[in-house]
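Grab a pencil and open the viewer. Here are a few exercises to work through, each with a solution you can follow step by step.

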Amino acid sequence: MADKFANTRIGRESPAVDHFTLSAGVQDPPARAFYCQADGSITVRAKSGGAALAYPLVAGQYVPVPVYEVTTITSGTWYGWE
């Protein structure tokens, strides 16, 4: 079957190529955005050397910020997509 998204520009608004659970450490590949599946708090860097900012979220919220590195997961379940 042909890939119907082959000519779609990759961005935070476009369909994901893959999805994955976020865990502490540098993300490879970096997530284009992240989603809170279960209430909690996560601290991320959007780029190498960038500020590490904490995001306390409730289930169902997402943040359209790239995730280069997860420095801390205090609680919750987190997904990213590329």
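**Exercise 1. Find the bridge partner of Thr-43 in E4, then work out how E3 pairs with E4.**

Start with the single residue: Thr-43 has Ala-54 as its bridge partner in E4. Keep in mind that you're looking at a predicted model. Next, zoom out to the strands: E3 and E4 (residues 52-57) run antiparallel and share six bridges. Finally, check the turn of this hairpin: six residues sit between the strands, and Gly-49 takes a positive phi near 80°.

**Exercise 2. List the other strands that pair with E3, and say in which sense.**

Take E6 to begin with: E3 pairs with E6 in the antiparallel sense over 10 bridges. For a spot check, go to Ala-33, whose bridge partner in E6 is Trp-81. Now try E5 (residues 62-63): two bridges join this strand to E3, again antiparallel. Here Tyr-35 stands opposite Tyr-62.

**Exercise 3. Work out which elements give two or more residues to the largest nonpolar core.**

Step one is to collect the members. The largest nonpolar core has 12 residues, including Phe-20, Leu-22, Phe-34, Cys-36, Ile-42, Val-44, Val-67, Val-70 and Trp-78. Step two is to sort them by element: strands E3 (33-45) and E6 (67-81) each give two or more. Step three is to pick the top contributor, which is E3, with four residues.

**Exercise 4. Classify the ring pair of Tyr-62 and Trp-81, then decide whether each residue is buried or exposed.**

First, the geometry: the ring centres lie 6.3 Å apart with 50° between the planes. Stacked needs planes under 30 degrees apart and edge-to-face needs over 60, so an angle in between counts as tilted. The Tyr-62 and Trp-81 pair is therefore tilted.

Second, the burial: Tyr-62 has a relative accessible area of 52%, so this residue is exposed. Trp-81 counts as buried because its relative accessibility is 18%. The two residues are 19 apart in the chain, Tyr-62 in E5 and Trp-81 in E6.

Third, the wider tally: there are four aromatic pairs by this rule, and ring pairs also link Phe-34, Tyr-55 and Trp-78 into a cluster.

**Exercise 5. Track down the cis peptide bond and see what Pro-29 touches.**

Look at Asp-28 and Pro-29: a cis peptide bond joins them, with omega about 5°. Pro-29 lies in strand E2 (residues 25-31). Then turn to Phe-20, which is in contact with Pro-29, and among its other contacts are Gln-27, Ala-31 and Trp-78.

Key:
Residues are numbered from 1 along each chain as its sequence is written. This is a predicted model: local features need pLDDT of at least 70, side-chain atom pairs count only at pLDDT 80 or more; totals for chains, interfaces and linings use all residues. Side-chain values use heavy atoms; hydrogens and water are left out. A nonpolar core is a set of buried Ala, Val, Leu, Ile, Met, Phe, Trp, Tyr and Cys residues joined through side-chain atoms within 4.5 Å. Buried means under 20% relative accessible area, exposed over 50%, partly exposed in between (1.4 Å probe, protein chains only). Contact means heavy atoms within 4.5 Å. Two strands pair if DSSP finds at least two bridges between them. Rings of Phe, Tyr and Trp (its six-membered ring) pair if their centres lie within 6.5 Å; planes under 30 degrees apart count as stacked, over 60 as edge-to-face and the rest as tilted.
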